[in-house]
Amino acid sequence: MFKLVKKQSPGRNIALGFAAVILIGSLLLMLPCSIQDGVHVRYIDALYTSTSAVCVTGLIAIDAGDTFTPLGQTFLAVLIQIGGIGVTAIGVGIILAMGRRVDLKERNLVREAMNLDSGKGIVLFIKDIFVTTFIIEVTGTILSFFVFVQDYPPIQAIGISLFHSVAAFNNSGFDILGNFQNMIPYRDDVLLNLVTCGLIIFGGIGFLVIQEIWTKRFCWHKLSMHTKVVLSVSGILIAVGTLLLKLTEDITWLGAFFHSVSARTAGFSSYPLKEFSTSGLLVLVVLMFIGASPGSTGGGIKTSTFFVLLQGVKSAATNTTEKAFHYAIPREAFRKAAVILLLALGVVIVGTYMLLVMEPNVTLIEALFEITSAFGTVGLSTGITTGLGDGAKLLCILIMYIGRLGPLTIASLWYFNRGERISYPEGNIAIG
């Protein structure tokens with residue numbers, strides 16, 4: 001069995017790793033010690049919750065605060081942490097902790113999972129990931145504690161703060177406050193809103209960007225093109241999203257800012273989304289579809305993909321070369337971005353159609369919102385999740401899994417490179 005896994009491509013091993021963690025997680029969440037007395041949990045709901053946690057989504061069929069014991073909530077937090085950092089990074093971290101050397105196969109797995117250009121410095125990068133995660137999550141826990149301790153006993157407040165920090169940094173919208181309330185009771189708490197947004201943003205820009213910002217002391221002209229693109233696009237999307245949500249919804253500027261940040265794959269909500277207008281939900285759908293950045297804890301097509309697509313369209317319209325920040329954009333980048341966009345649109349459109357077929361009482365915008373949230377590993381919902389049938393839940397489980405791995409990785413699982421045996425002359429085809 002081990003030899004069979006070793007022979008697989010990095011993409012297949014990553015997919016198998018996530019699937020194994022999801023299945024193990026579902027079994028852990030079904031243990032009697034994980035479930036509160038008097039509560040019955042069906043396996044489909046445990047599988048759904050485990051998938052949502054490992055894929056750092058946050059969509060919930062059952063409320064974590066009302067369903068699971070402290071041990072079950074700990075299992076859930078561990079699943080979120082594994083899913084956010086990545087199965088391969090966790091595996092390599094364990095290998096390093098055991099004092100073993102990281103071989104070439106394991107380095108390639110990390111490179112593939114983190115979208116790195118090369119395997120150089122992989123071990124140091126993994127160590128930096130764990131240190132960065134620890135520092136940011138501990139900081140988030142301490143700051144969140146000052147808020148939660150006002151409403152809960154100190155010990156319970158520590159647990160809630162730690163869980164919230166882990167969920168926020170890993171861009172997973174889970175909470176253990178109970179009664180499906182999420183951040184609604186704290187919509188006007190400036191400190192908790194800003195701390196949560198900060199955790200989400202750091203988790204969403206990617207470990208590579210965080211590392212570069214730290215080492216280069218945020219000196220803009222020294223930053224790489226990738227980091228400049230990620231920071232620029234993220235900032236613009238947050239600002240535009242905040243403005244559009246404020247224009248369409250009767251919420252505060254803080255609420256608009258919070259949802260603009262959260263929609264980029266985090267999934268926390270401080271206002272009931274079922275009360276949002278169709279135009280507001282559409283804004284959130286676009287933000288969820290774009291998502292976070294490569295090598296981060298978030299999903300979506302990624303900010304860099306969105307940027308390259310815009311530059312490609314601009315280049316075609318103006319008949320100029322694709323460039324940004326005094327760098328030329330590789331032509332292969334636009335081709336890859338276009339493929340990712342088409343695959344992502346295909347997943348969302350087909351998923352929305354299938355959900356509408358399975359759940360005739362669900363409206364188009366509700367179905368589109370739910371599927372986009374699942375694909376972008378966001379976790380926001382208009383409130384239809386708990387009422388979905390088993391077939392629809394299995395569909396969302398598959399969409400979340402695809403969204404976490406990425407549509408291009410899923411598509412490459414079926415590819416076997418046997419080489420081109422025949423070459424053909426180029427044909428002519430009219431475009432546009």
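Q: What makes a residue buried, exposed or partly exposed?
A: Buried means under 20% relative accessible area, exposed means over 50%, and partly exposed lies in between, with a 1.4 Å probe and protein chains only. The model is a predicted one, in which local features need pLDDT of at least 70, side-chain atom pairs count only at pLDDT 80 or more, and totals for chains, interfaces and linings use all residues. Residues are numbered from 1 along each chain as its sequence is written, and side-chain values use heavy atoms, with hydrogens and water left out.

Q: Why is V138 called partly exposed?
A: V138 has a relative accessible area of 33%, and because partly exposed is the class between under 20% and over 50%, V138 is placed in that class. V138 lies in helix α8, where a helix is a DSSP run of H or I of at least four residues, numbered from the N terminus.

Q: What makes the nonpolar surface patch, and which helix gives the largest share?
A: Patches are made of residues with over 30% relative accessible area and no salt bridge (a side-chain nitrogen of Lys or Arg within 4 Å of a carboxyl oxygen of Asp or Glu), with like charges joined within 9 Å and nonpolar side chains (Val, Leu, Ile, Met, Phe, Trp, Tyr) within 5 Å. V131, F134, I135, V138, I142, L143, F146 and L191 make this patch of about 730 Å², and seven residues, the largest share, come from helix α8 (residues 122–148).

Q: Which residues of helix α11 are buried, and what do they pack against?
A: In helix α11 (residues 207–215), F207, V209, I210, E212 and I213 are buried, and these buried residues pack against α8, α9 (154–169), α10 (190–205) and α12 (225–248), a contact being heavy atoms within 4.5 Å.

Conventions. Accessible areas come from the Shrake-Rupley method with a 1.4 Å probe; for residues, only the protein chains shown count as cover. Helices (H or I, at least four residues) and strands (E, at least two) are DSSP runs, numbered from the N terminus.
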